[in-house]
Amino acid sequence: MPHAWLLVDQQLVKLASCFRDANHLGATIIPLPYAQASRLVALLFLCTLPLALVADAQWMTIPVCLFANFVYFAIDVVASQMEAPFSDGANDVDIEVIVRRIDKHTASQLSQLLHHPVGNFDVFPEKNSSERRYSEMDFQSVSGRISRQT
């Protein structure tokens with residue numbers, strides 16, 4: 001049994017390390033001068049592209065430059081949204097869901113290890129209160145059945 005607890009502890013240490021690394025990535029912001037310089041270089045390229053293409057492509061210069069500008073600005077919008085991947089936006093990573101899933105999986109693994117139900121810790125009690133009530137009722141009924149059997 002102590003060996004199993006060591007394995008669980010090692011997995012929790014690895015999980016905490018991964019979470020710390022993800023939090024560090026989310027908190028790291030690209031320095032403003034670097035972001036401004038890269039945008040300036042890209043805009044200079046997009047402004048000089050028609051001058052370089054007009055001799056060879058003639059009228060095709062317009063659609064090629066429009067396409068190049070569209071691609072650049074689309075990538076710029078995506079990059080600006082990806083600067084803060086752990087905030088509350090629609091396209092961001094929902095950390096609360098991941099934490100809940102890890103908590104439920106950990107409780108399930110401990111239940112299998114200990115051979116009795118283990119309740120999961122409600123990390124965010126103010127959200128999903130109806131789901132929490134049902135899971136607590138299920139846990140109480142299961143734990144009551146097990147205690148009567150033993």
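**Reasoning from values to terms**

Guide: In this predicted model, residues 24 or more positions apart account for 47% of the contacts in the protein chain with a separation of 6 or more, where a contact requires heavy atoms within 4.5 Å.

Visitor: How do you know which secondary structure the protein chain has?

Guide: The assignment comes to five helices and zero strands, and from the N terminus on the elements run α-α-α-α-α.

Visitor: What makes the meeting of the R39 and D76 side chains a salt bridge?

Guide: The criterion asks for a side-chain nitrogen of Lys or Arg within 4 Å of a carboxyl oxygen of Asp or Glu, and the side chains of R39 and D76 meet at 3.1 Å, N to O, so the pair satisfies that cut-off. R39 lies in helix α2 (residues 32–57) and D76 in helix α3 (residues 61–82), and therefore the pair ties together parts that are 37 residues apart in sequence. The structure holds one salt bridge.

Visitor: Why does R39 count as partly exposed, and why does D76 count as partly exposed?

Guide: Partly exposed covers what falls between the buried limit, under 20%, and the exposed limit, over 50%; R39 has 38% relative accessibility and therefore counts as partly exposed, and D76, at 21%, counts as partly exposed as well.

Visitor: What part of the 150 residues in the protein chain is buried?

Guide: Buried residues make up 10% of the 150 residues in the protein chain, whereas the accessible surface of the chain comes to about 12100 Å², of which 66% belongs to carbon and sulfur atoms.

Visitor: Which residues form a nonpolar patch on the surface?

Guide: The patch is formed by L25, F86, V93 and I98, which together have about 330 Å² of accessible area. Membership needs over 30% relative accessible area, and I98, placed in helix α4 (residues 95–114), has 36% relative accessibility and counts as partly exposed, so I98 passes that threshold.

Visitor: How many disulfides does the structure hold, and why does C47 lack a bond to the closest cysteine sulfur?

Guide: The structure holds zero disulfides. A disulfide needs cysteine sulfur atoms within 2.5 Å, but the sulfur of C47 is 9.9 Å from the closest cysteine sulfur, in C65, and so is too far for a bond.

Visitor: Is C47 buried or exposed, and what does C18 count as?

Guide: Exposed means over 50% relative accessible area; C47 has 55% and is therefore exposed, while C18, at 52% relative accessibility, counts as exposed too.

Notes. Residues are numbered from 1 along each chain as its sequence is written. This is a predicted model: local features need pLDDT of at least 70, side-chain atom pairs count only at pLDDT 80 or more; totals for chains, interfaces and linings use all residues. Side-chain values use heavy atoms; hydrogens and water are left out. Helices (H or I, at least four residues) and strands (E, at least two) are DSSP runs, numbered from the N terminus. Buried means under 20% relative accessible area, exposed over 50%, partly exposed in between (1.4 Å probe, protein chains only). Accessible areas come from the Shrake-Rupley method with a 1.4 Å probe; for residues, only the protein chains shown count as cover. Patches are made of residues with over 30% relative accessible area and no salt bridge: like charges are joined within 9 Å, nonpolar side chains (Val, Leu, Ile, Met, Phe, Trp, Tyr) within 5 Å.
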